[in-house]
Amino acid sequence: MENRIPLIAGNWKMNKTVPESIETVKTLVKLTADVQGVDMLIAPPFTSLWAVGDVLKHTKIALGAQDMFWESHGAFTGQVSADMLRSCGCSHVIIGHSERRQFFGETNQTVNKKLKAALAAGLIPIFCIGETEIERETQKTFSVLDKQLIQGVEGLILDDHHPLVIAYEPVWAIGTGKTALPEQAQEVHAYVRSLFAKVFGNSLAKKIRILYGGSVKPDNISELMGLPDVDGALVGGASLEPESFNKIIHF
Ligand code: PGA
């Protein structure tokens, strides 16, 4: 098996004020001081990025944002650019999360523009894909993932200096307490890797990290991490408490 370092990423979504964010991340830094061989990342809301980034300086935990806009600057009220995220200390940015797709009109085309802009600015995108419950029930899982992945990465230039992380998050498993069965997760992860290999070649496909997301908890993480094509997790609810997130990191 390829030597892929696991990545455990926490997505706080729209939770925590600045003081709450600082307190949480300070506790997390202490709890994870012994961690070796696992990459860690926190994605707080925009308002907490700078403050959390300040606490995370010189620690092993990386900083990520939850979204960005593809333009670099200008009259785009409410938007945040890749350079602004970099200036807060971000190394990563989540792009195409299903909640952005569901509530904020994100499409495969806007995802594609954001992925290009993130890579051009030197951010590592965590590119989210996943099918809804109805799509799974009607046997559309693989065609939906195909479209999300192929349209999302169109025209992207990836290499060792421009890496990408993929997160497979079945929409029916997000925040619902339902997790994909290990065989369902492995099946999709292996499929996504093979699809990625068709576009970018085998050697990059072997290196790329594919995270699983959707109701990841301390009690299901080790089974998921035991799957050959699962290289980490994107954790929502269970990343809000430093104790539970720490347990996941220590899978
Ligand atoms: P959840 O969220 O862990 O709360 O299901 C995961 C995600 O949306 O990234």
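**Close-up 1. No disulfides turn up here: a search of the whole structure finds zero, taking a disulfide as a pair of cysteine sulfur atoms within 2.5 Å.** C88 is in none, and its nearest cysteine sulfur, that of C90, sits 5.9 Å away. Seen from the other side, the sulfur of C90 has C88 as its closest cysteine partner, and 5.9 Å is too far for a bond. This is a predicted model, where local features need pLDDT of at least 70, side-chain atom pairs count only at pLDDT 80 or more, and totals for chains, interfaces and linings use all residues. Residues are numbered from 1 along each chain as its sequence is written, and side-chain values use heavy atoms, with hydrogens and water left out.

**Close-up 2. C88 and C90, buried or partly exposed?** C90 is buried at 5% relative accessible area, while C88, at 21%, counts as partly exposed. The cut-offs are under 20% for buried and over 50% for exposed, with partly exposed in between (1.4 Å probe, protein chains only).

**Close-up 3. The ligand has 13 residues around it.** K13, H97, E169, G175 and S215 are the closest. By class, this shell has four nonpolar, seven polar and two charged residues; Ala, Val, Leu, Ile, Met, Phe, Trp, Tyr, Cys and Pro count as nonpolar, Asp, Glu, Lys and Arg as charged, and the others, Gly among them, as polar.

**Close-up 4. Backbone atoms meet ligand oxygens in polar contacts (N or O pairs within 3.5 Å).** A polar backbone atom of G175 is 2.6 Å from a ligand oxygen, and one of S215 is 2.7 Å from a ligand oxygen. For G236, a backbone N or O lies 2.9 Å from an oxygen of the ligand. On its own the ligand exposes 290 Å², and the protein buries 96% of that (Shrake-Rupley method, 1.4 Å probe).

**Close-up 5. The largest cavity holds about 40 Å³ of space.** Its lining includes H97, R101, C128 and E169, where lining residues have an atom within 4 Å of a point on a 1 Å grid that a 1.4 Å probe fits but cannot leave.

Methods. A residue is near a molecule or strand if one of its heavy atoms lies within 4 Å of it. A polar contact is a pair of N or O atoms within 3.5 Å; within protein, one must be able to donate a hydrogen and the other to accept it, and residues adjacent in sequence count only if both atoms are side-chain atoms. On a 1 Å grid over the protein atoms alone, a cavity is a set of points where a 1.4 Å probe fits but cannot get out, and a pocket is an open set with protein on both sides within 12 Å along at least five of seven lines; lining residues have an atom within 4 Å of a point. Grid points are joined across faces, edges and corners, and a volume is the space filled by probe spheres set on the points.
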